[in-house]
Amino acid sequence: MTRSEKSAEAVVAVACSAGRRAERKGGCEAVGLAEAQPQMSRQLELSFVCGGETSNGRRSGEAEAAADGTERPGEGDLMELVVERQNLQAALRRVKQNKGSPGLDGMTVGELADHLREHWPRIREQLLAGTYQPQPVKRQAIPKSSGGTRELGIPTVLDRFIQQALLQVLQPRFDPSFSDHSYGFRPGRRAHDAVRRAQQYVQGGRRWVVDVDLERFFDRVNHDVLMGRLARRIADRRVLGLIRRYLEAGVLADGVVVERWEGTPQGGPLSPLLANVLLDEVDKELEKRGHAFCRYADDCNVYVRSKRAGDRVMRLLERLYAGLRLRINRDKSAVASAYGRKFLGFAFWAAPGGVVRRAVARPVLATMKQRVREITRRNGGRSLVQVCARLREYLRGWKGYFQLADTPKVFAALDQWIRHRLRCLQLKHWKRGRTIYRELRRLGLSSDLAARVASNARRWWWNSALGLHVALPNSHFDRLGVPRLAG
């Protein structure tokens with residue numbers, strides 16, 4: 001930890017401690033730097049109370065589920081919890097861990113500590129007074145695996161810090177009241193849990209799925225509807241006002257700040273929780289009617305026993321989402337067979353004996369292979385070692401998520417195809433037949449086979465399957481760090 005980061009944490013800690021003393025005397029004004037400085041040396045010795053793993057095993061900055069999600073905190077106490085010392089320290093550590101690009105003001109995560117050291121007392125005073133004004137978000141488009149782009153709204157680092165502090169207070173109060181069928185962005189739940197639950201539904205005879213895709217969900221969230229749902233759970237008007245200002249903060253697009261009247265931009269720590277608050281109403285109605293469903297953020301699949309029942313559920317969902325001012329994307333939504341329909345990157349297939357298995361969805365496999373082609377293209381100007389390093393980074397993440405699939409033969413075929421491309425790339429790097437012959441002989445290939453490969457120097461793909469697997473076996477790429485998907 002750098003000296004400036006320790007100083008920032010000390011100012012935050014001193015300001016919060018002194019603020020609590022002032023509140024006990026009847027005031028809630030912020031403590032200035034002049035008051036904080038005499039205690040600086042003592043506070044610098046304090047370590048992160050919420051850093052790393054806490055005593056109960058919860059990760060730093062992760063909102064823990066509380067026992068009761070129905071409470072509605074009284075006026076004047078929720079914002080004090082947001083600016084409480086331990087909560088802020090955990091938020092600061094989480095923002096540093098998440099890293100991320102700068103927002104509109106250009107401030108990096110590394111510069112946040114110095115900024116807090118100088119400005120935190122004033123920011124804290126504004127938060128407690130309910131006058132803090134967030135900065136506009138920076139629009140950034142990222143490519144989607146299905147084609148097109150997804151627009152993110154990148155808040156400033158300071159606003160990400162405040163949103164994270166707010167999330168850590170709100171999520172433990174909201175999460176216990178959410179549906180058991182909701183899995184997205186909730187502590188202790190992940191996408192694999194939703195896929196397994198969906199598999200159980202299909203195995204249980206629900207072979208039809210109502211697959212609902214909301215049209216530009218994060219861009220279409222109605223602010224008034226969302227704030228109405230939040231007001232049922234939060235009594236502190238300062239917190240409600242802060243969330244409203246985050247929703248209405250402008251967007252920098254093409255050098256111009258544009259006002260926003262709907263939507264909650266993806267990119268801020270608070271957006272997933274707000275999405276769950278809004279969509280929880282639909283979850284509760286589906287639960288009330290006894291439906292079997294899984295929802296992950298705005299992805300919702302309802303599993304039924306017949307197409308007729310599926311059509312009925314689709315009409316119900318259209319009405320429920322319309323009540324939230326949301327629209328279903330009819331081109332991507334359907335009532336269809338649960339087999340082969342993509343859900344969170346996976347699809348289901350029937351193994352012998354009627355057992356339902358998990359597989360990687362075909363569009364996802366196509367996207368993965370296209371990404372591998374880009375990394376291993378033969379005109380990239382990178383050495384084999386460099387290509388393998390990039391491939392290792394991509395495949396480790398891909399394997400970590402899709403290892404849930406029950407398709408070892410598919411993974412083995414992918415491993416063979418990837419190493420075929422790498423051998424082809426190595427031949428391209430050797431270029432001339434004379435160099436190919438020399439290198440293959442050095443690697444232990446027989447003279448006849450090395451000459452045969454070298455005589456067809458330009459037929460890289462054909463040659464890479466001829467006998468090169470002897471000179472460049474799978475163990476060679478293991479040493480270069482390329483992970484095996486079937487391993």
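Is A297 buried or exposed, and what is its relative accessible area? A297 is buried, with a relative accessible area of 8%. The model shown here is predicted. The legends below take this residue and several other sites in turn.

**View 1. The whole chain, for orientation.**
The chain has 487 residues, and buried residues make up 50% of them. Its secondary structure comprises 21 helices and 10 strands. Among contacts with a separation of 6 or more, 74% are between residues 24 or more positions apart.

**View 2. A297 sits in the loop between β6 and β7.**
Strand β6 covers 292–296, and β7 covers 299–304. A297 has a positive phi of about 55° although it is not a glycine. Most residues other than glycine have a negative phi. A297 counts as buried because its relative accessible area, 8%, is under 20%.

**View 3. R325 occupies the loop between α13 and β8.**
Helix α13 spans 307–323, and strand β8 spans 334–337. Phi of R325 is near 65°, a positive value in a residue other than glycine. R325 has 55% relative accessibility and so counts as exposed. The cut-off for exposed is over 50%.

**View 4. Helix α5 packs on helix α7.**
Helix α5 runs over residues 85–98, and helix α7 over residues 157–174. Two packed helices are described by the angle between their axes and the distance between the axes. Here the angle is about 125°, and the axes of α5 and α7 are 9 Å apart. That angle makes α5 oblique to α7. The crossing of α5 past α7 is right-handed. From α5, the contact uses N87, L88, A90, A91, L92, R94 and V95. From α7, it uses V157, R160, F161, Q164, A165, Q168 and V169. By class, this contact of α5 with α7 has nine nonpolar, three polar and two charged residues.

**View 5. The largest nonpolar core has 68 residues.**
Which members touch the most other members of this core? They are F161, L230, I243, L317 and Y321. Helix α7 gives the largest share of the core, 10 residues. L317 is in contact with V210, V212, V282, L286, V302 and I328, leaving aside its neighbours within four places in sequence. A second, separate core of 54 residues includes V209, F402, I418 and L445. In soluble globular proteins, nonpolar side chains tend to be buried together.

**View 6. Helix α14 packs on helix α15.**
Helix α14 covers residues 362–375, and helix α15 covers residues 384–402. Their axes lie 10 Å apart, at an angle of about 165°. That makes α14 roughly antiparallel to α15, because the cut-off for this class is over 145 degrees. The crossing of α14 past α15 is right-handed. On the α14 side, V364, L365, M368, R371, V372 and I375 make the contact. On the α15 side, V387, R390, L391, Y394, L395, W398 and F402 do so. By class, the contact of α14 with α15 has 11 nonpolar, no polar and two charged residues.

**View 7. A361 lies in the loop between β10 and α14.**
Strand β10 covers 355–360. A361 is buried, with a relative accessible area of 1%. Not counting residues up to four places away in sequence, A361 touches K342, G345, F346 and A347. A361 and F348 are 13 residues apart along the chain, and their C-alpha atoms are separated by 8.3 Å.

**View 8. Three buried residues of helix α16: D415, R419 and C424.**
Helix α16 spans residues 408–430. D415 has a relative accessible area of 9% and is buried. Which residues does D415 contact, leaving aside its neighbours within four places in sequence? They are P483, R484, L485 and A486. R419 has 2% relative accessibility, so it counts as buried. Leaving aside neighbours within four places in sequence, R419 is in contact with N474, F477, D478, V482, P483 and R484. P483 and R484 appear in the contact lists of both D415 and R419. C424 is buried, with a relative accessible area of 0%. The C-alpha atoms of C424 and R377 are separated by 9.7 Å, and these residues are 47 apart along the chain.

Terms used. Residues are numbered from 1 along each chain as its sequence is written. This is a predicted model: local features need pLDDT of at least 70, side-chain atom pairs count only at pLDDT 80 or more; totals for chains, interfaces and linings use all residues. Side-chain values use heavy atoms; hydrogens and water are left out. Axes are lines fitted to C-alpha atoms, for helices over the stretch in contact, and angles run from 0 to 180 degrees between N-to-C directions. Helices (H or I, at least four residues) and strands (E, at least two) are DSSP runs, numbered from the N terminus. Angles under 35 degrees count as roughly parallel, over 145 as roughly antiparallel, 65 to 115 as roughly perpendicular and the rest as oblique. A crossing is left-handed if the near helix is turned anticlockwise from the far one by less than a right angle, and right-handed if clockwise. Contact means heavy atoms within 4.5 Å. Ala, Val, Leu, Ile, Met, Phe, Trp, Tyr, Cys and Pro count as nonpolar, Asp, Glu, Lys and Arg as charged, and the others, Gly among them, as polar. Buried means under 20% relative accessible area, exposed over 50%, partly exposed in between (1.4 Å probe, protein chains only). A nonpolar core is a set of buried Ala, Val, Leu, Ile, Met, Phe, Trp, Tyr and Cys residues joined through side-chain atoms within 4.5 Å.
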